[in-house]
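Q: Could you walk me through this model, starting with the pocket and then moving on to the aromatic side chains?

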Amino acid sequence: TLATYRSDELHSQHPLQTALAELDRSWHLKHLELARFTRVELAALVGNILGRPPPPAVVRRIFTRSEGNAFLAEELLAAEASGQPGQALPRRLQGMLLARLATLTADTRQVLRVAATVGRPTEHQLLAATSQLSEARLVAALRAAVDHQLLVADQDTYRFRHVLLQEAVYGELLPGERRLLHAAIAQALTEDPQPSALRQVSAELAHHWDFVGDHPRALTASITAARAAAEVYGFSEAHQHYQRALNLWKQVPNAEEQAGLPLPGLRLEAAECARWTGLPDQTAALIQEALADLGPRLEPAQAALLYARLGEC
């Protein structure tokens, strides 16, 4: 006799749990756990379905989103074939994932929405500050989410068992719900009592404030995030934050006062970061824009340095 079941869909009170416990006591039972596919195994699966070697970019996208789950990989491959690679979840797959939430309480669904909007393993304190649930109701909601194998508790944080479930929960949010949650999360992160916290979460703050349209705070957070990333040689990430800051500049009335530096200074910071990222064309464009902005205010020594950099690019 052969029987199969999905272990990640059994909550702690599921009747099958008791039957499995009894079966495990038998000497005649062999229990085989099928692990998720590795990247190589997933590439073989995709290649067999397509009938040809799959493009590396497709394998990378599907492996990242499916996390090696064969069923999810096949569904994502079908979405790739429809001409929308890496886009929103297919409606059929989203419906199947969200079906697991149908029997949950409103509190548990609210906690899942908060965690999905945070977009990373979430601390208990952040969930408490954002969900607006009492401690007892929050703990009960988290226990239900963990028991139903939707969230995984890792020390002091909670994360979704599968990234696609997180995408499905976030994708179900109404536009107004998203704005409220992003604003609540940003406010909770801002009010962290630790002095170093704002610098550590500046990239998150930039994302959340930008989403809700608070351009002044998004500008400040973007610059802070860019400098923090550059300090640890994360120039590619820093470049993205500088790009966001430059895009936000015109949308902030008192941008220079808010940012704590003039626009040419921001452009030169972004240019230096782009240079280290290996983007000479963007570096040159930023330096030229800064030179045009500074005009006669540019000191000879600084002008010489900038023109030398421009020549290098």
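What follows is a short chat about the pocket, the ring pairs and the charges over rings.

Q: How much space lies in the largest pocket?
A: Bearing in mind that this is a predicted model, the largest pocket holds about 1500 Å³ of space. It is lined by 37 residues, and those closest to its centre are Tyr5, Arg6, Ser7, Asp8 and Leu34.

Q: Which helices each supply at least two residues of that lining?
A: Helix H1 (15–23), helix H4 (70–81) and helix H5 (91–98) each do so.

Q: And what's the lining like by class?
A: It has 18 nonpolar, 9 polar and 10 charged residues.

Q: Switching topic, how many aromatic pairs are there?
A: The count comes to 2 aromatic pairs. In one of them, Tyr233 and Phe235 meet edge-to-face, with 6.1 Å from centre to centre and 70° between the planes. The rings of Phe235 and Trp276 have centres 5.7 Å apart and planes at 20°, so that pair is stacked. Ring pairs thus link Tyr233, Phe235 and Trp276 into a cluster.

Q: Why does the Phe235 and Trp276 pair tie together parts that are apart in sequence?
A: Because Phe235 lies in helix H14 (residues 235–249) and Trp276 in helix H16 (residues 263–277), the pair ties together parts that are 41 residues apart in sequence.

Q: Is Phe235 buried or exposed?
A: Phe235 is buried, at a relative accessible area of 18%, whereas Tyr233 is exposed at 66% and Trp276 is exposed at 52%.

Q: Last one: which charged end sits over the ring of Trp209?
A: That of Arg217, 3.8 Å from the ring centre; in addition, Arg178 lies over the face of Tyr170, at 4.5 Å from the ring centre.

Conventions:
Residues are numbered from 1 along each chain as its sequence is written. This is a predicted model: local features need pLDDT of at least 70, side-chain atom pairs count only at pLDDT 80 or more; totals for chains, interfaces and linings use all residues. Side-chain values use heavy atoms; hydrogens and water are left out. On a 1 Å grid over the protein atoms alone, a cavity is a set of points where a 1.4 Å probe fits but cannot get out, and a pocket is an open set with protein on both sides within 12 Å along at least five of seven lines; lining residues have an atom within 4 Å of a point. Grid points are joined across faces, edges and corners, and a volume is the space filled by probe spheres set on the points. Helices (H or I, at least four residues) and strands (E, at least two) are DSSP runs, numbered from the N terminus. Ala, Val, Leu, Ile, Met, Phe, Trp, Tyr, Cys and Pro count as nonpolar, Asp, Glu, Lys and Arg as charged, and the others, Gly among them, as polar. Rings of Phe, Tyr and Trp (its six-membered ring) pair if their centres lie within 6.5 Å; planes under 30 degrees apart count as stacked, over 60 as edge-to-face and the rest as tilted. Buried means under 20% relative accessible area, exposed over 50%, partly exposed in between (1.4 Å probe, protein chains only). A charge sits over a ring if NZ of Lys or CZ of Arg is within 6 Å of the ring centre and within 35 degrees of the ring normal.
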